[in-house]
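Here is a briefing on one protein chain. Keep the sequence and the 3D view open while reading.

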Amino acid sequence: MKNFLKQLFLFIPLLLLSSCFDILDKVNVKADGSGEYTIILNASKSKTRLASISKMETINGKKVPKRPEIESKINEASRIFKATPGISNVKTSMDFDNYIIKLSCNFKKIENINAGLEQLKAKNILGKMIPTQIYSQNIAGKSFTRNKVNTFKSDYDKMSKADKEIFNDAKYTSVLQFENTIKSQTNNSYLLSPNKKAVKLEANVLDFILQKKQIQNNILFQ
């Protein structure tokens with residue numbers, strides 16, 4: 001199961017050592033289908049523990065990744081995204097005082113993000129179990145889709161108690177913002193903003209692993 005965790009969180013190895021982290025996945029889409037994508041990995045709630053762990057060589061049999069190793073992975077991810085057709089203005093930031101890592105970019109169409117993530121997986125920057133074909137859009141049909149992703153419930157059920165604790169306080173938030181006004185959506189777990197131009201899904205990572213909440217959503221515009 002340690003291999004499972006490595007495949008899932010290869011992008012930021014320190015997450016393997018902390019159960020208190022947040023993932024923010026944000027998309028801002030213009031009327032023509034172009035937009036901005038941002039992902040933020042935030043382990044600041046565990047920064048005191050992670051600061052202590054970072055000084056160690058190993059913990060619980062796992063090698064502790066050092067700052068140069070993490071910086072190398074993030075910089076390589078940036079280079080790969082920059083080389084992906086349709087993606088531009090790639091920016092990364094790494095706050096090692098608070099353990100917050102951010103990657104953002106612009107895209108011509110949302111499927112460019114899928115292609116960028118697929119390249120990260122091919123280059124072993126993303127773990128093999130991370131979904132990549134997560135968005136699609138039909139401008140003529142006035143729709144935007146957050147695609148269904150695989151569940152890892154069977155893998156989770158086989159984990160040791162210690163490995164399961166990694167997910168105890170992990171949070172995931174998805175924010176989808178649009179220029180167009182939303183007419184309807186198929187997943188009411190996403191909260192609709194008052195101006196009807198954004199939806200937000202927030203839950204524990206375990207909610208998705210245990211299938212208590214679903215991430216897929218088909219949004220129609222007026």
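In this predicted model, a polar atom of the E179 side chain lies 3.0 Å from the backbone nitrogen of A31. E179 sits in the loop between β9 and β10 (182-185). The points below start at that residue and then move through the sheet.

**Around E179**
- E179 is partly exposed, because its relative accessible area of 46% falls between the 20% limit for buried and the 50% limit for exposed.
- Leaving aside residues up to four places away in sequence, E179 touches V29, K30, A31 and K197.
- N28 is 151 residues from E179 in sequence, yet the two C-alpha atoms are 8.3 Å apart.

**Strand β9 and its two partners**
- Strand β9 spans residues 171-178 and is mostly covered, with six of its eight residues buried.
- β9 runs parallel to strand β1 (residues 22-29), and eight bridges join the two.
- β9 also pairs with strand β12 (residues 198-204), here in the antiparallel sense, over seven bridges.
- K171 of β9 has a counterpart in each partner strand: D22 stands opposite K171, and N204 is the bridge partner of K171 in β12.
- Strands of a sheet pair through backbone hydrogen bonds, in parallel or antiparallel fashion.

**The whole sheet**
- Seven strands form an open sheet with mixed pairing, in the order β5-β6-β2-β1-β9-β12-β11.
- The edges are β5 (87-95) and β11 (191-192); each has a single partner strand, so one side of each is left without a neighbour in the sheet.
- Helix α3 (residues 67-82) packs on this sheet and touches β2, β5 and β6.
- The direction of α3 makes about 170 degrees with that of β5.
- Strand β2 (residues 35-42) pairs with strand β6 (residues 100-107) in the antiparallel sense, over eight bridges.
- Within that pair, G35 stands opposite F107 of β6.
- In a regular strand, side chains alternate between the two faces of the sheet.

**Chain totals**
- The secondary structure comprises seven helices and 13 strands.
- The chain has 222 residues, and 46% of them count as buried.
- Among contacts with a separation of 6 or more, 65% join residues 24 or more positions apart.
- About 11,400 Å² of the chain is exposed, and carbon and sulfur atoms supply 49% of that area.

Technical notes. Residues numbered from 1 in each chain as written. Predicted model: local features only at pLDDT ≥ 70, side-chain atom pairs only at ≥ 80, totals over all residues. Heavy atoms only, no water. Buried < 20%, exposed > 50% of the residue type's maximum accessible area, 1.4 Å probe, protein only. Helix = DSSP H or I, 4+ residues; strand = E, 2+ residues; numbered from the N terminus. Pairing = 2+ DSSP bridges. Contact = heavy atoms within 4.5 Å. Areas by Shrake-Rupley, 256 points an atom, 1.4 Å probe, with all protein chains shown as cover. Axes fitted to C-alpha atoms, helices over the stretch in contact; angles between N-to-C directions. Polar contact = N/O pair within 3.5 Å; in protein donor to acceptor, adjacent residues only side chain to side chain.
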